[in-house]
Amino acid sequence: MNANLTLRAQTAISLANPSEVMARLRDHFIEHGTVSGTDDNWRVVFDIGVAEALAGEGAIRFSVAAADATSLAYLQWGVAEHVSEFAPGETPEIVWAGGAQPGAPLPYFREMRVLRATQITPRIRRMTLKGSDLERFSHGGLHVRLLLSPEKGVKPVWPVMAADGRQAWPDGPRPVARVYTIRCIDVDAGEVDIDFVLHEGHETPGASFAREADLGDVVGMIGPGGGELREADRYLLAGDETALPAIGRMLEEMPPGKKVIALIEIADNAERQELQTQADLDLRWLPRDGQAAGTTTLLADAVKALDLPGDDSLFVWTGCEHTAAREIRTYLRRDCGLPRRSNLVAAYWRRGVAGEVEEHD
Ligand SMILES: Cc1cc2nc3c(=O)[nH]c(=O)nc-3n(C[C@H](O)[C@H](O)[C@H](O)COP(=O)(O)OP(=O)(O)OC[C@H]3O[C@@H](n4cnc5c(N)ncnc54)[C@H](O)[C@@H]3O)c2cc1C
């Protein structure tokens with residue numbers, strides 16, 4: 001294994017048919033990493049580390065290695081999730097040796113406190129959260145899952161490490177989870193900025209947190225997650241206001257010389273923001289001007305109006321409402337014939353549905 005991957009964990013998982021499960025896992029991981037070896041003894045190199053599997057008598061022996069505690073815990077979690085998924089009808093017992101101890105805080109969890117709130121535009125409120133040991137949140141994904149109090153003034157319990165590498169919950173009030181983007185991070189100061197859309201809706205734990213939180217209020221943060229931009233000479237970044245934090249950060253981090261078209265759907269022109277970039281940027285705001293979020297075809301129409309190449313000289317990144325995401329994904333892949341590796345289209349929210357949208361890419 002790579003010399004930098006100094007953190008390791010192992011487990012042996014008894015299964016009725018280890019070879020079959022190993023084959024399914026291997027096929028699945030081909031999409032997520034570089035797989036080598038034989039059917040009975042393979043290894044996968046991921047961005048975050050390495051997983052090795054060896055078929056034994058009635059069991060698979062897994063060994064995972066990573067450079068940091070978050071990546072190691074993600075690998076353990078991934079193995080447990082996928083083995084359970086690919087061994088239907090079985091409830092395999094999974095106990096890891098190495099990695100965080102059962103009951104210990106999750107390596108990818110931080111308790112944060114509200115430090116500042118700043119109204120960026122009428123519809124966007126930036127919450128600055130303070131915590132410690134944030135270096136791992138500055139790379140390897142832009143997004144976090146915020147764990148919000150189920151009720152103002154109630155401090156929820158936080159998840160801890162389970163023996164199988166997943167999460168266990170102590171007794172007590174559980175938080176409500178919502179996914180957000182780290183718009184800006186200052187590791188030395190221990191601060192992250194999160195831009196919340198103050199959208200309409202009856203019960204909106206995420207937006208309500210931004211509206212109502214007091215300085216010092218506590219919030220849990222799990223992450224980072226999600227992909228980062230793939231290397232290309234040209235980019236199309238398309239999204240509504242929920243994706244504006246991600247687009248803003250990607251533009252800020254983009255090196256000079258890249259050509260970028262950014263299409264951003266907003267409520268109206270009061271929602272325009274100054275975006276900093278060294279890239280050669282063609283920025284187009286798409287105001288809904290009175291139409292409700294998630295009801296227009298503005299973004300899909302703007303994507304369709306572009307003359308896109310059918311190869312991977314361009315990388316397309318999109319984050320928006322579910323229906324628009326579907327339409328854009330279908331257009332890019334079916335109508336334009338863009339290869340899958342050259343586009344990432346994510347549903348960031350779904351009109352009429354609370355909480356996380358399962359469908360990604
Ligand atoms: C990877 C990722 C990154 C994200 N980053 C951000 C971010 O940085 N900032 C941000 O504001 N959002 C972001 N989102 C979107 C955010 O998670 C959703 O909008 C989420 O539903 C908000 O939770 P809530 O508790 O406010 O509303 P929910 O309880 O989830 O939903 C309540 C109602 O509000 C509706 N609703 C939800 N979002 C909107 C909206 N934007 N406009 C109109 N109606 C809405 C729902 O359809 C539902 O009917 C991100 C999502 C993903 C997947």
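Okay, so which strand gives the largest share of the shell around the ligand? That's strand 12, with 4 residues. Keep in mind that we're looking at a predicted model here.

Strand 12, residues 176-181, has company in that job. Strand 14 (191-197), helix 3 (205-212) and strand 20 (343-349) also supply at least two residues each to the shell around the ligand. There are 28 residues around the ligand, and the ones that come nearest are T181, V197, H199, G201 and G206. If you sort the shell by class, you get 12 nonpolar, 11 polar and 5 charged residues.

Now, where do strands 12 and 14 sit? Both belong to an open, antiparallel sheet of 7 strands, and the order is 12-9-15-7-8-14-13. Strand 12 is at one edge and strand 13, residues 184-186, is at the other, so to speak: each of these edge strands pairs on one side only. Going from one strand to the next, the twist averages 35°.

Let's zoom in on one pair in that sheet. Strand 7, residues 109-121, and strand 8 run antiparallel and are joined by 7 bridges. As an example, R116 has T128 in strand 8 as its bridge partner. And helix 3, which we met at the ligand, packs on this sheet, touching strands 8, 9, 12 and 14. The direction of helix 3 makes about 115° with that of strand 14.

Two backbone oddities next. A quick reminder: most residues other than glycine have a negative phi, and most peptide bonds are trans. With that in mind, look at D133: its phi is positive, about 55°, although it is not a glycine. You'll find D133 in the loop between strand 8 (124-130) and strand 9 (143-148). Then there's the peptide bond from G223 to P224, which is cis, with omega near 5°. P224 lies in strand 15, residues 218-225.

Okay, over to the other sheet I want to show you. It has 6 strands, it's open and antiparallel, and the order is 2-3-4-5-1-6. Strand 2 (34-38) and strand 6 (97-98) stand at the edges with a single partner strand each, so one side of each has no neighbour in the sheet. Strand 6 pairs with strand 1, residues 7-14, in the antiparallel sense over 2 bridges. Within that pairing, Q10 stands opposite A97 in strand 6.

Two helices go with this sheet. Helix 1 packs on it, touching strand 2, strand 3 (41-46), strand 4 (49-56) and strand 5 (59-66), and the direction of helix 1 makes about 155° with that of strand 4. Helix 2 lies across strands 1, 4 and 5, running at about 155° to strand 5.

So how do the two helices meet each other? In general, you describe two packed helices by the angle between their axes and the distance between the axes. Here, helix 1 (residues 18-29) and helix 2 (residues 69-86) pack at an angle of about 120°, and their axes are 10 Å apart. That angle makes helix 1 oblique to helix 2. The crossing of helix 1 past helix 2 is right-handed.

And which residues make the contact? From helix 1 it's V21, R24, L25 and H28, and they meet H82, V83 and F86 in helix 2. By class, that contact has 4 nonpolar, 2 polar and 1 charged residues.

Technical notes. Residues numbered from 1 in each chain as written. Predicted model: local features only at pLDDT ≥ 70, side-chain atom pairs only at ≥ 80, totals over all residues. Axes fitted to C-alpha atoms, helices over the stretch in contact; angles between N-to-C directions. Parallel < 35°, antiparallel > 145°, perpendicular 65-115°, else oblique. Left-handed = near helix turned anticlockwise from the far one by under 90°. Contact = placed C-beta atoms within 7 Å. Nonpolar A, V, L, I, M, F, W, Y, C, P; charged D, E, K, R; others polar. Pairing = 2+ DSSP bridges. Near = placed C-beta within 6 Å.
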